[in-house]
Protein chains: 8
Amino acid sequence: MDKNKLKKLLEDVREGRVTPDEAALELKTEPFEDLGYAKVDTHRGIRQGIPEVIYGAGKTSEQIKGIAEVLLKNGSGVIITRINGETAEEMKSFEEFRYYGAARLGYIGDPGTIPRRGNIIVAAGGTSDLPVAEEAALTAEFLGNRVTRLYDVGVSGIHRTLAHMEEIMEARVIIAVAGMEGALPSVIGGLSDCPVVAVPTSVGYGASFGGLAALLAMLNSCASGVSTVNIDNGFGAGYLASMINQMEGIK
Amino acid sequence: MDKNKLKKLLEDVREGRVTPDEAALELKTEPFEDLGYAKVDTHRGIRQGIPEVIYGAGKTSEQIKGIAEVLLKNGSGVIITRINGETAEEMKSFEEFRYYGAARLGYIGDPGTIPRRGNIIVAAGGTSDLPVAEEAALTAEFLGNRVTRLYDVGVSGIHRTLAHMEEIMEARVIIAVAGMEGALPSVIGGLSDCPVVAVPTSVGYGASFGGLAALLAMLNSCASGVSTVNIDNGFGAGYLASMINQMEGIK
Amino acid sequence: MDKNKLKKLLEDVREGRVTPDEAALELKTEPFEDLGYAKVDTHRGIRQGIPEVIYGAGKTSEQIKGIAEVLLKNGSGVIITRINGETAEEMKSFEEFRYYGAARLGYIGDPGTIPRRGNIIVAAGGTSDLPVAEEAALTAEFLGNRVTRLYDVGVSGIHRTLAHMEEIMEARVIIAVAGMEGALPSVIGGLSDCPVVAVPTSVGYGASFGGLAALLAMLNSCASGVSTVNIDNGFGAGYLASMINQMEGIK
Amino acid sequence: MDKNKLKKLLEDVREGRVTPDEAALELKTEPFEDLGYAKVDTHRGIRQGIPEVIYGAGKTSEQIKGIAEVLLKNGSGVIITRINGETAEEMKSFEEFRYYGAARLGYIGDPGTIPRRGNIIVAAGGTSDLPVAEEAALTAEFLGNRVTRLYDVGVSGIHRTLAHMEEIMEARVIIAVAGMEGALPSVIGGLSDCPVVAVPTSVGYGASFGGLAALLAMLNSCASGVSTVNIDNGFGAGYLASMINQMEGIK
Amino acid sequence: MDKNKLKKLLEDVREGRVTPDEAALELKTEPFEDLGYAKVDTHRGIRQGIPEVIYGAGKTSEQIKGIAEVLLKNGSGVIITRINGETAEEMKSFEEFRYYGAARLGYIGDPGTIPRRGNIIVAAGGTSDLPVAEEAALTAEFLGNRVTRLYDVGVSGIHRTLAHMEEIMEARVIIAVAGMEGALPSVIGGLSDCPVVAVPTSVGYGASFGGLAALLAMLNSCASGVSTVNIDNGFGAGYLASMINQMEGIK
Amino acid sequence: MDKNKLKKLLEDVREGRVTPDEAALELKTEPFEDLGYAKVDTHRGIRQGIPEVIYGAGKTSEQIKGIAEVLLKNGSGVIITRINGETAEEMKSFEEFRYYGAARLGYIGDPGTIPRRGNIIVAAGGTSDLPVAEEAALTAEFLGNRVTRLYDVGVSGIHRTLAHMEEIMEARVIIAVAGMEGALPSVIGGLSDCPVVAVPTSVGYGASFGGLAALLAMLNSCASGVSTVNIDNGFGAGYLASMINQMEGIK
Amino acid sequence: MDKNKLKKLLEDVREGRVTPDEAALELKTEPFEDLGYAKVDTHRGIRQGIPEVIYGAGKTSEQIKGIAEVLLKNGSGVIITRINGETAEEMKSFEEFRYYGAARLGYIGDPGTIPRRGNIIVAAGGTSDLPVAEEAALTAEFLGNRVTRLYDVGVSGIHRTLAHMEEIMEARVIIAVAGMEGALPSVIGGLSDCPVVAVPTSVGYGASFGGLAALLAMLNSCASGVSTVNIDNGFGAGYLASMINQMEGIK
Amino acid sequence: MDKNKLKKLLEDVREGRVTPDEAALELKTEPFEDLGYAKVDTHRGIRQGIPEVIYGAGKTSEQIKGIAEVLLKNGSGVIITRINGETAEEMKSFEEFRYYGAARLGYIGDPGTIPRRGNIIVAAGGTSDLPVAEEAALTAEFLGNRVTRLYDVGVSGIHRTLAHMEEIMEARVIIAVAGMEGALPSVIGGLSDCPVVAVPTSVGYGASFGGLAALLAMLNSCASGVSTVNIDNGFGAGYLASMINQMEGIK
């Protein structure tokens, strides 16, 4: 049941066309399929409005396959996050499975058929940040967004960032990915006037404390319009940027 | 110089109607007014697209007044954040100054004349979180957004949150404000399908460590579409929510 | 010497039927068996009232076997916590040894003969939390409790939790297991009116800091009746829940 | 609506004596009274089963009075936590208000009329821990429990603890309050076989880091049956201990 | 005894013109004057090469005066760091005492007579960082350096920094002062090719944790040539920058 | 384009010999070569004034080779930091590649031809600190500095440090490398009157927390002239020390 | 009952001259006096062997007086730690009360009559560390030890420490007190061959984090024979040093 | 040169029998042997008074052998700390080398010939703490002390500790080793009246944070006479306990 069906159902209740009892029954009959190890939301569409995602970390390949099968019965494509090469190998029993190793992402379905709209920039500070940046960029693409990648634009070479000034000013949303001192979102936030999703990465050593330095820097950004997701959470950034990029205008 | 003027200028350069030299000159002549203690952006509009804001913390009332005067010459309203009652008292030399004590916000201009559009929900966990929630809500209103307040909807009384289910599902953006365990954004993020801006507050004691507990909880939220701003940063949340709420649709 | 025998002995002293000297002698003769590497309490029953437990982490299989043999001489079943598959393999020299790999628990004896009483719910947020949840659930079962498992009921899909509302309201004790933002105990604590034992898990990444985020969230829970055990301490939660579930009524 | 009425209502629905619509209506009509700054649960009894509590920190005396008035309409006594002497002074407009300064607790009603049952021990390490210990002890008494206070029984004078050995072994629940190294719950947990609720206090200096040292020690307690609440959370401990002490026996 | 005299003495020993005994005696006779509460180095010049400094924090005005008197006997000017207005008032018994309130610095002597050489830039992110920036700038000036102040050049308004590009490229040393996300040294370090001394400030709130966020960011700077001093340590930065600015060329 | 060429270009603009357009064009035509995974600065010389460096951590050997090839086209030597033995093996396709295993540094070119000037001391506390000390020392040598190594001069054997008193007093810059309690820079800073670059190492265990203890000690050094770089950042220290050592005198 | 009496009693039991019952009775009759708010050990002598101490922090002057009266009945002098001037004023009702303001210590009795033996050095890094150093020195003197004070011997002026080399080598125990980088115990530990008790102080700012930096440095000291007490715990250091100084030789 | 020879030399100087020059020469001629990678103190005896120790961590077997050879030339036994089995295997080229695997200690020489004096107790909380406890106990034995081991006497089974009451009261020094909540030193410190050296271990999981919980608990111990060494630092505790145990009586 997708969101529109749900809204219609609720309107029917308000208008008296459906009794609350009937509505409750309809909602209750198919909320999730219980696999024992997981309850798979088969009408999650009502609450989130987008294709299905399996958070792969901490799940066996059997569990992932089981969940994917239920989701695919509903017809949508499936994104699988945080899976390593070994698990990916076993996922090949799904004919349309593709693996994006750098980003540790898998996709079941044909990403080429997804129409891409709007304009999300994914900017990254250094070569080592690419895995997280790619996780964000691919997630956004699978969710139907047009993505521009600006990689290796770290703040200690500010001319490289400025060289992309025009693209930055045209973006609808920007994902700024950086490790070490995590300054990229502040600089980009000052140059743009769109929402900036900051993604700290665990790239660094010593006093980076696994990404803590970058995380704190981003939370303290003096640029307006910046918010932050968890360390290395490229998926979360891509998902949120997609939500924002696809906002409809106020009617 | 607002954003549209800037874009036009750049297009003129591209089309050859203006030489780069002329454009650079035009940009250079008025970028900011230097008050000694502060460089006031008088064409910040080009980069951020909205009314002016003075971050009040750590500034004397003389400094705030000086900056406000420069900004008002350009005709826009002025929001002043983080000012205490004493400083607010001195700001009354501005005829149209209003002070919102709970939120530590001041506004110069007539907020009643600001048209309000779209739909932002500000949800807060408990009575003690209201100052931060109000800072977010008022900021959003001053920036031209319609705001719905849902206060005292903490997760340990989930029925209170569920009672507002329909409003939550209708929002374009939600600001979720909570201290202590900081669980509100996770619950709301699961109930809605719009971006959720999470604001941890320093409300709590002991192992809340000044809001750290809530901050970490929000960064680790398992709900999609959630991002986080600094502890007690109601202004930042309101500003970002405004940006998102006022997104134009993809053309 | 079990608790009842001890109380009788003390009463005998108070009544003058036994001299303190005699009592002290009786207590002193068998307090523990010293294996060199461990002092095994053979009348621990007096102080704790329940079957024996060996904390397996940091012990060699020889040490575990040695302790188990002493304990079994006293006739009770033996729970062994935190043992890996390799050590478990070596424990098979005990005929009745069973290994529960997911929970890293071993049991010597026949768990099927343990009568199960009362009603403990073990609720867990996600698939990755199952090992800790199972450690809690099995511990509680071995200690003679009836256990209901509610898995994959994370707070970002609140309808899944609410679907079990009636079970939650019927429980005598609830163990709430969650990693990441650790919000489950707050939500469940608000829905129930029985003690909730919160177990943070190390599930998560980045700013979860090995379970610290969930731990802090649980300690700051705004729901009443919630207390917290160490990160990943499923055994401790199961043991405590058993104590509470088996409380006798006030006479 | 108390818990029994609720269960009856749900059974009526199951048996068909009441339609779900009617039940929902009944539940919906009085869930909470909205004071603007707070939503007061007037049928919280259904979910928690005990007298009402106002968390006083961060609320003005006007807000506290407003909430108290609504709660008193339902006839129960009211506990107010974390209020300072000044606020307490203003609460004296309630005739039956009593203030317990050391514990920063207020009570509206006559605590002398509360019947006290069972047996909770509140043990505290040092004189400086008394405010938190008293918050726990008074809370438990207001909720109808018999309380035994064992103060100044810190682990560095173990003979003082042992002098109370018999009382410790007779308790149904023990609240162990300690600052500094926080070892009391471990020692008491080893001496007793009932649940121990550990309360770290912020008493100490230097490397106690505001109670963090005691908190970590308690979370790592090697004694079984110990769980921990937030630093200085005497109220939470008293509330939980009351829940456990008043457990009915398994039928 | 200044550094040149010391080197001469040591050479005399090497050449046999002075016996080690005689040298040791000379060195031993005047190393410091013992005031009981402090040992004042009266030939510290040998080891540090510059005017005298009294670290004022934690010292009474009597102690500061006592130390200043000893130092002035040797003829040099005296810098007093971290003194508040009250102590400064009492220092006015020294005729030539001057107080710089914003920087909490005092100077005994006539700073106008100090010749200023070379070129140190002190750049600061925001108005609130000025006290620390001024402590650095004044220290450097008192130690004989020419100082250029670039204030309010935070990274979220990068055009303000770029407007000073030429000055930045001409500097011999740069002191970069910033609170919040602490990104300024990274940006400036990338634009310049001289040593950058980074000074984190405690300016900020919430997750700035008293300057920790800025400190970590600076330690993790990906720009080369950047090193960091303690939070708010303007004096230390000014002192080090002076050392570097006044380096003689390699002979 | 090196720094002198850049200054000349800017002067030409100021004198009117070159239009800004022409200057901008010249600057724009060759700022960096984009390899897809990295933007290689081929005129970084303008901003930093020294040979090229590749930060090797997190890059594949293919990426390092690609970048090195671009840099070598410009004729300079190349330092590669933080590469392990395996990657170093693959770098041997460059004829002049040398690997310094202890310091995890590689160099392409003939270091024997680099003229060495001035005087940098690298002092280290213990044998375990040598890898970081060597990274600093080799970096400084590759950048054209004369380096004196003083190893195993930890503060708990102060006579060993004092035995090098004369060398310490002759240095132009000192790099002080230490793990554990990190006291070396304080002692050396008190003995010398030149800038001291402090490098904390991750050597230690337990409460060294991966170098945090040494880092904090160095940041809090009470000796003047000390600044600190990231934990284990031998490269950064060597680079900065080189900048300082090669300072020209004030004209 | 002092230690010798206790040993005699136990020997009497072993020899059969006293029954265990009689011994237990004797021990039980006077272990402590219960004041309600504190249990005062009146035969603590058996376990600790030295004069009585009242830890003053967190106690009212009434409580302190009550405890002091009980202790004085047993005839010994009384040390009161951590009392402020106000409380000290009220203690003057005891005729022989003396207050040592800098160290926040009080003493009831005549310290002039205490014989002083052995040789404890109290060394301190800076003027600001004196309060903690004096707390240690006075405690040691009250407990009957001869104390030598070496103040202002911080490691950044190592010649000041070396000037006291002979005293350092003659000490039986050394207490080394330091804030900021906390390096003094390492340097002194390397110069001496007696136990060194390290006391970190909260002196410092910024990254000293209230003494954490000094504490970690001391715990990581590479000198042998060093152990550490809590931040600012001068009393504990003086007490421990007294124990060590007064060790009898092995018989 | 041992300590007595040094004292004699200094007395000779004071008495005029030796000139300072001659004394300095004698001291200077043999302070250490420089192996390049280490400076080996061959007259460290003067400063520390005991057999030689090589800190093995971070050293290659070649380096350890080289240092050992120099030390053995001076005739003393050699303790090697923190070496793994592999390195130990290579040390067998020394005929008298013995390896103690559990404690990761090696000894060159015949430990059977070391006379053992006095009385040190090594108490440990649990089986998992044995490696650290053994490192302490063996170190103390190699340094000539009689050692009594009390293992598995954790505070949650206080009767086991009390069973050794008499031994505890007879000790000259006690080393208390514990992980998890680290309460053992507090309990033992309250039972004894001799110095207690507390050793936190990294035994535990979750919120033990690698021994931090135990470390903080020990630093905050409310028992007098307790000091703390680094996490897992059995060697340091054994060395310090030896110093204390072997104190001569005050003459």
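Start by colouring chain A by pLDDT, the predictor's confidence in each residue from 0 to 100: chain A averages 84, and 79% of its residues score at least 70. Now select residues 43–49 of chain A, where the pLDDT is below 50; beyond near neighbours in sequence, this stretch has 30 contacts in the model (heavy atoms within 4.5 Å). For the complex, the predictor gives an ipTM of 0.85 and a pTM of 0.89.

A word on ground rules. This is a predicted model, with local features needing pLDDT of at least 70 and side-chain atom pairs pLDDT 80 or more, while totals for chains, interfaces and linings use all residues. Residues count from 1 along each chain as written, chains are lettered from A and ligands numbered from 1 in written order, and side-chain values use heavy atoms, leaving out hydrogens and water.

Next, hop to chain E and its open sheet of 4 strands, order 3-4-6-5, with mixed pairing. Strands here are DSSP runs (E, at least two residues) and helices are too (H or I, at least four), numbered from the N terminus; two strands pair if DSSP finds at least two bridges between them. Strand 3 (52–55) and strand 5 (97–100) are the edges, each pairing on one side only.

Zoom in on strand 4 (78–81) and strand 6 (105–108) of chain E: they run antiparallel, joined by 3 bridges. Here E:Val78 stands opposite E:Ile108.

Add helix 4 (61–73) of chain E, which packs on the sheet and touches strands 3, 4 and 6. Then show helix 6 (130–142) of chain E, also packed on the sheet, touching strands 4, 5 and 6.

Conventions: Axes are lines fitted to C-alpha atoms, for helices over the stretch in contact, and angles run from 0 to 180 degrees between N-to-C directions.
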